[in-house]
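Q: Got a minute to go through this one with me? I'd like to start with the contacts.

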Amino acid sequence: MKAVKNYKFWFCTGSQDLYGDECLKNVARHSRIIVEELNKSGVLPFEVVWKPTLITNELIRRTFNEANTDEECAGVITWMHTFSPAKSWILGLQEYRKPLLHLHTQFNEEIPYDTIDMDFMNENQAAHGDREYGHIVSRMGIERKVVMGHWSDRKVQERIASWMRTAIGVIESSHVRVMRVADNMRNVAVTEGDKVEAQLKFGWEVDTYPVNEIAEAVAAVSESDTNALADEYYDKYEILLEGRDPVEFRRHVAVQAQIEIGFERFLEEKNYQAIVTHFGDLGALKQLPGLAIQRLEEKGYGFGAEGDWKVAAMVRIMKLMTAGMRDAKGTSMLEDYTYNLVKGKEGILQAHMLEICPSIAEGPISIKCQPLSMGDREDPARLVFTAKEGPGIATSLIDLGTRFRLIINEVDCKKVEKPMPKLPVATNFWEPRPNLYTGAEAWILAGGAHHTAFSYDLTSEQMVDWADAMGIESVVIDADTTIRNFKNELKWNAAVY
Ligand code: MN
């Protein structure tokens, strides 16, 4: 995985000097303990950095601006231990530009019934102070996450951890650069979109290169480099000749090895983290990039097919959001292909012509060479596998002309009943929530695409928070979705946007 930076999150505790030095000492001591324990918990994917208690306009403003300019700071966590008059926060909040979490917690878990007095109450009044602070953030219309609960509660820690990954998606979005090799597939609507608006909203740079420029980079890869990578493929994957001549097969596989190296060098040199190809515009490339793209996706590159730069950018962002996650199950571009409509076994077979990321694979991964039913090139080599079981989310970012909408469907991935020996592509199979019928009807009503950015490792909550931070509409199709309510939600959203 192309790694993310060594990101950190700042922990800023609010108070004021009304309650005396003793109280401020306790506030600082308590917040240090919380930070230490959060870091020790092993739950958070990134380090929390303690900052001195914020009690004045000047310090609050300076701290938020330092957070803005610190390249490693991916967000600020705020908490009002005592009362902290919220006008003190206005200037700092106005100038702050990174993700914000309001941790609504309290140092003590239980009311100390036997000893509680007014000093204790004044010192431990987040129930009071956090409302004052929350009011000003709401009045200013600032997007933030609120997490409530005791800081030692694992559920609270997991929600902070989950938000941290959203924050990475927000921070990293403006560093995503998508290389388009050739244009959008002719006449296709849903993969189109306004690239200028995408840069305004998401910070994405989306640029086009003539296919032969990257084909030249591929041709420049030496035979020895190509052979070394092909050897690696032969070590790592099962080779399914299916009656083909082994020498001819190896030659086809080597074409993909040369494409992988050539593409990666070209992307690195020009600083792109996502790529889009088009089977109908391959220039001097001998094969549609298949195995090569699958390997690049596994390394962390975003990918979209047939010019679909929105999916390419989303796959890249979702891979960054899940980077370094323990027991990650994978993130990939997928495409809704064909249904099983047998009662009790309903679902959507997910695949693409070739380019599914092996991070979602379970079981053996094999290489096959098969003709494409489209295009006019050699039979491309591709990795073939089936995907893991379990819950995941399928997302589709669409351009409605006046705004972007992110559609998120919670899905349950399953094994298909029988092997599909004649299908020479990687597959996943899922049942959308709440069921195939309502799920598919809602998806179509929302205008969702056939291409999706899919992940086992993110939640709809994380993606909704990401969309909110980007200032775009999002809709979730999940176990609670009914068509009547969903249609109303779309109407209400239209009014809002
Ligand atoms: Mn497609």
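Q: What share of the contacts with a separation of 6 or more comes from residues 24 or more positions apart?
A: That share is 79% in the protein. Keep in mind that this is a predicted model.

Q: Okay. How many helices and strands are there?
A: The protein has 15 helices and 19 strands. Its radius of gyration is 25 Å, and the globule rule gives 23 Å for 497 residues. Those values are close, so the protein is as compact as a globular protein of that length.

Q: What does the C-alpha trace span along its principal axes?
A: About 85 × 50 × 40 Å.

Q: And how many of the residues are buried, as a percentage?
A: Buried residues make up 55% of the 497. Buried here means under 20% relative accessible area.

Q: What about the surface? Which share of the accessible area belongs to carbon and sulfur atoms?
A: Carbon and sulfur hold 51% of it. The whole accessible surface comes to about 21600 Å².

Q: Switching to charges. How many positive and negative ones are there?
A: There are 56 positive and 74 negative charges. Their mean positions lie 2 Å apart.

Q: Now strand β18. Is it enclosed or open?
A: Strand β18 covers residues 451-455, and five of the five are buried. So β18 is largely enclosed by the rest of the structure.

Q: Which way do the residues of β18 point?
A: His 451, Ala 453 and Ser 455 point one way. Thr 452 and Phe 454 point the other way. All of these are buried, whichever way they point.

Q: Why would they take turns like that?
A: In a regular strand the side chains alternate between the two faces of the sheet.

Q: Which way does β11 run against β18?
A: Strand β11, residues 331-340, pairs with β18 in the antiparallel sense, over five bridges. Thr 331 stands opposite Ser 455 of β18.

Q: And how many bridges link β15 and β18?
A: Three, and that pairing is antiparallel. Strand β15 takes in residues 390-399. Thr 395 of β15 faces Ala 453 in β18.

Q: Let's do a helix. How many residues of α11 are buried?
A: Seven of nine, so to speak of α11 (residues 291-299) as mostly covered is fair.

Q: Which ones?
A: Leu 291, Ala 292, Ile 293, Gln 294, Arg 295, Leu 296 and Glu 297. The charged names Arg 295 and Glu 297 are on that buried list.

Q: What follows α11?
A: Gly 300 does. Its phi is positive, near 115°.

Q: One more topic: the sheet with β8 in it. What is the strand order?
A: The order is β8-β13-β14, in an open sheet of three strands with mixed pairing.

Q: Which strands stand at the edges?
A: Strands β8 (238-239) and β14 (381-387) do. Each has a single partner strand, so one side of each is left without a neighbour in the sheet.

Q: Where does the mixed pairing come from?
A: Strands β8 and β13 run parallel, joined by two bridges. Strands β13 (residues 361-369) and β14 pair in the antiparallel sense over six bridges.

Q: Which residue of β13 is the bridge partner of Glu 238?
A: Ser 366. Ser 366 also stands opposite Val 384 in β14. Elsewhere along β14, Ala 387 has Ala 361 opposite.

Key:
Residues are numbered from 1 along each chain as its sequence is written. This is a predicted model: local features need pLDDT of at least 70, side-chain atom pairs count only at pLDDT 80 or more; totals for chains, interfaces and linings use all residues. Side-chain values use heavy atoms; hydrogens and water are left out. Helices (H or I, at least four residues) and strands (E, at least two) are DSSP runs, numbered from the N terminus. The radius of gyration is taken over C-alpha atoms; the globule rule is 2.2 Å times the number of residues to the power 0.38. Buried means under 20% relative accessible area, exposed over 50%, partly exposed in between (1.4 Å probe, protein chains only). Contact means heavy atoms within 4.5 Å. Accessible areas come from the Shrake-Rupley method with a 1.4 Å probe; for residues, only the protein chains shown count as cover. Lys and Arg count as positive and Asp and Glu as negative; His and the chain ends are not counted. The place of a charge is taken as NZ of Lys, CZ of Arg, CG of Asp or CD of Glu. Two strands pair if DSSP finds at least two bridges between them.
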